[in-house]
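Q: Could you show me how to read salt bridges and burial in a model, going one residue at a time?

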Amino acid sequence: MTIRSLYQREKVNYRGVDYEIDSLDNSVNINGRKYKVIKNKVDVKKITDLEEREQKYYFFDIDISISDFFVTSKDIKAPIQEQEDLSFVCSIFNRNVSLGDRVIDSKLIHKLSFGKSDFAQELLFNFSNKEISGTHTKLEFIECNFGKKLKVRNYETIIPNYYEDDVQPLPEKSRYPYHQQNKAQLKELKITDCTADEGAYLRIGFLDIGKFELSNLRLPQNAELNIGDCHFQYFKLTNFRNMGKFKLYKINVLPKEYDKREGYNPRFQIDNTSIGGADFQSINLVSFARVIMFDNIFTELDYTNMQWEHEIKVGQFGKANPPKVWNDSNLAKFLFDSYEFNRVEIAKKRDTHRTLKKVMIRNHDQQEALVFYQKEMENHWQITEWKKDFGNKITLAFNKYTNEFGLNWWKPLCLLFGVSLLFYFLLLCNLDIPILELEHWRSYFEFLNPTHKTRFIAKEYWDFWSYAIDFLFRLIEGLLIYQTIQAFRKYSRKL
């Protein structure tokens, strides 16, 4: 052995760079921070012997199974170390990470948390089925980076008697129906302030989740996020910036049997997102008690088989605080604050309805586009003020009350019938013609003709007011006919 090889330090390779291991404390310095290097099962055993609930500043250079931190015997049937919470903070997982077979089965983990950690390779949490998953378990990732793959889902090939000796994979045709009925269950899954590498694949599927929250995830180009075949009681996607591919499919509300409280209020929320290439499939938003959307940018969102909820909420924007002492000044301030808060909420609804309308138009779904177009214009009517914008308010009022912004054709026809009767009655009175004589009402249908001649009845008695009544009716009649035609063309006209 040469002197050079005797003093040559051991190294670890992390993201294509070699780092020397300090032989004194078996640590490695990466970006100014020291990490304890874990390279074998013996090192893992040393960590578990410390009985610490928070694993901090470790560099795992071996494939890690979470069950390794609990099993204290070589005998797989031996009892697992009692543990309620387990967290990894400021750690680097340089190899693959898996859940293990017995952790959730033993129902010992109430919370499994990863914070400020980097998963350089694959992170695979495959549950077996709903009988051995944890309705009490919370899984959390905070400020983590996913290198190649993240999977949190049911294991696809396991049959119900997983721990029997005669384990056989399910036939391929039987796997999907079985896992639809036997989704793994989690109390909570939270992914917050995380990032992903170029080309990373993130998959969450075949789960029943009480509370799911994905917040402030940055998805780069060529990365992909798939969430599907899941039931949620609470689904929240917020501050999501997507430059890669995003697929959300087969999403439904979690059955009430999961939470038998009287105040069961399932919610679906997407807010403050910028979603680029996205694909929504087979999502039932109607099944959720509340659907909240606001401040979203959907540039390339395609959908199929969507059941859209039309009553969209936009969150809470504050309420005016009632004064402790009521007087004229405090009352005026309270009413003004209430009015302003209400305007902000209506403006958010208008923007949300406009955004959804554009999504419908992009997907050539004219029927749903009309629904959100009407709600957008209704919100615009509500926040347009008479004093500040009288002209637009008149236009909006006319369209609102005559044909419901181009969606109702019978309303302008009914108005036309009523207005024509009124003006014909006025015309007969002005011409001193007895209105009760049926003979004079024979000219009513001629009066309805927009191109009828003036002095079509009692020519010698026409005066200024007769011409004025006739002219005003022609003007109103033309507008109402246009409103009728516009409503008839609602499925073919451009919004």
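A: Let us begin with burial: this is a predicted model, and K400 counts as buried because its relative accessibility is 16%, while buried means under 20%.

Q: Which residue forms a salt bridge with K400, and how far apart are the closest N and O atoms?

A: The general idea is to look for a side-chain nitrogen of Lys or Arg within 4 Å of a carboxyl oxygen of Asp or Glu. Here the partner of K400 is E378, with the closest N and O atoms 2.8 Å apart. This pair links distant parts of the chain, since E378 lies in helix α5 and K400 in helix α6, 22 residues apart. E378 is partly exposed, with a relative accessible area of 23%.

Q: Is E140, which forms a salt bridge with K111, buried or partly exposed?

A: E140 is buried, at a relative accessible area of 9%, whereas K111 is partly exposed at 31%. Their closest N and O atoms are 3.5 Å apart, and the pair joins strand β14, which holds E140, to strand β11, which holds K111, across 29 residues of sequence.

Q: Which elements are linked by the salt bridge between D302 and R362?

A: D302 belongs to strand β26 and R362 to helix α4, and the two residues are 60 residues apart. Their side chains meet at 3.0 Å, N to O; D302 is partly exposed at 33% relative accessibility, and R362 is partly exposed at 38%.

Q: Which residues are linked in a network of salt bridges?

A: The network links R350, D351, R354, K357 and E376, and the count of salt bridges in the model comes to 20.

Notes:
Residues are numbered from 1 along each chain as its sequence is written. This is a predicted model: local features need pLDDT of at least 70, side-chain atom pairs count only at pLDDT 80 or more; totals for chains, interfaces and linings use all residues. Side-chain values use heavy atoms; hydrogens and water are left out. Helices (H or I, at least four residues) and strands (E, at least two) are DSSP runs, numbered from the N terminus. Buried means under 20% relative accessible area, exposed over 50%, partly exposed in between (1.4 Å probe, protein chains only).
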